[in-house]
Amino acid sequence: MPPIESLESSAQPINNNWYLLTVRSKKREVFLKYLKFAIEQNKLEELVLDIKIPQDSVYEDMVLLNLSNFKTASTYLQKVECFQNIERKPLQSEQVNRMLGIK
């Protein structure tokens, strides 16, 4: 069993709902621009908590998103230019760390 991590003292609980999202081939940077614009326009900062780019080149058409509510976020994401698909189940933290190059 992995060791239990202690929560840092903060007002917000730590959310580990990382989802793997795929975008159209070679369009990740374009997607990220549109996504950031959509977050600002629709005030989605509490819905999309964090955005990470996987390190390895095999993930070149993928983005990791930390979401507070999958269902709501999914409806907004489908409207973002270059969006293709989002995995329905959150990734385990080991998978996220491996994709980000964290050991």
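In which sense do strand 1 and strand 3 pair, and over how many bridges? They pair in the antiparallel sense, over 5 bridges. The legends below set this pairing in its surroundings.

**Figure 1. The whole chain, a predicted model.** Residues are numbered from 1 along each chain as its sequence is written, and side-chain values use heavy atoms, with hydrogens and water left out. Because the model is predicted, local features need pLDDT of at least 70 and side-chain atom pairs count only at pLDDT 80 or more, whereas totals for chains, interfaces and linings use all residues. The chain holds 3 helices and 4 strands, in the order β-α-β-β-α-β-α from the N terminus on. Helices (H or I, at least four residues) and strands (E, at least two) are DSSP runs, numbered from the N terminus. Of the 103 residues, 33% are buried; buried means under 20% relative accessible area, exposed over 50%, and partly exposed in between (1.4 Å probe, protein chains only). The chain exposes about 7600 Å², and carbon and sulfur atoms supply 49% of that area. Accessible areas come from the Shrake-Rupley method with a 1.4 Å probe, and for residues only the protein chains shown count as cover. Among contacts with a separation of 6 or more, 70% are between residues 24 or more positions apart, a contact being heavy atoms within 4.5 Å.

**Figure 2. The open sheet of 4 strands.** The strands stand in the order 2-3-1-4, and the pairing is antiparallel. Two strands pair if DSSP finds at least two bridges between them. Strand 2 and strand 4 are at the edges with a single partner strand each, so one side of each has no neighbour in the sheet. Neighbouring strands are turned by 30° against each other on average, direction ignored. For such angles, axes are lines fitted to C-alpha atoms, for helices over the stretch in contact, and angles run from 0 to 180 degrees between N-to-C directions.

**Figure 3. Strand 1 and the bridges of the sheet.** Of the 6 residues of strand 1, 5 are buried. In the pairing with strand 3, Thr-22 stands opposite Met-62. Strand 1 is also joined to strand 4 (residues 83-86) by 3 bridges, again antiparallel, and Leu-21 has Ile-86 as its bridge partner there. Strand 2 and strand 3 pair over 4 bridges, antiparallel; Val-48 stands opposite Leu-67 of strand 3.

**Figure 4. Helix 1 and helix 2 on the sheet.** Helix 1 lies across strand 1, strand 2, strand 3 and strand 4, and runs at about 25° to strand 3. Helix 2 touches strand 1, strand 3 and strand 4, with its direction at about 160° to that of strand 4. The buried residues of helix 2 are Phe-70, Ala-73, Ser-74 and Leu-77. They cover an arc of only 105° around the axis, which puts them on the same side of helix 2; the arc is that of the directions from the helix axis to the C-beta atoms. These buried residues pack against strand 1, helix 1, strand 3 and strand 4.

**Figure 5. The largest nonpolar core, with 21 residues.** A nonpolar core is a set of buried Ala, Val, Leu, Ile, Met, Phe, Trp, Tyr and Cys residues joined through side-chain atoms within 4.5 Å. Leu-21, Phe-31, Leu-35, Leu-65, Leu-67, Leu-77 and Ile-86 touch the most other members. Strand 1, helix 1 (28-42), strand 3, helix 2 (70-77) and strand 4 each give two or more residues to this core. Helix 1 gives the most, with 5 residues.

**Figure 6. Helix 3 and a second core.** Helix 3 (residues 93-100) has Val-96, Met-99 and Leu-100 as its buried residues. Seen down the helix axis they fall within an arc of 95°, so they line one face of helix 3. They pack against strand 1 (18-23), strand 2 (48-52) and strand 3 (62-67). A second, separate core of 7 residues includes Leu-64 along with Val-96, Met-99 and Leu-100. Gly-101, just after helix 3, takes a positive phi of about 80°.

**Figure 7. Lys-43 and Cys-82, two loop residues with positive phi.** Lys-43 lies in the loop between helix 1 and strand 2 and has a phi of about 55°, although it is not a glycine. Cys-82, in the loop between helix 2 and strand 4, has a phi near 75°. Which of the two is buried, and which exposed? Lys-43 is exposed, with a relative accessible area of 65%, whereas Cys-82 is buried, at 3%.
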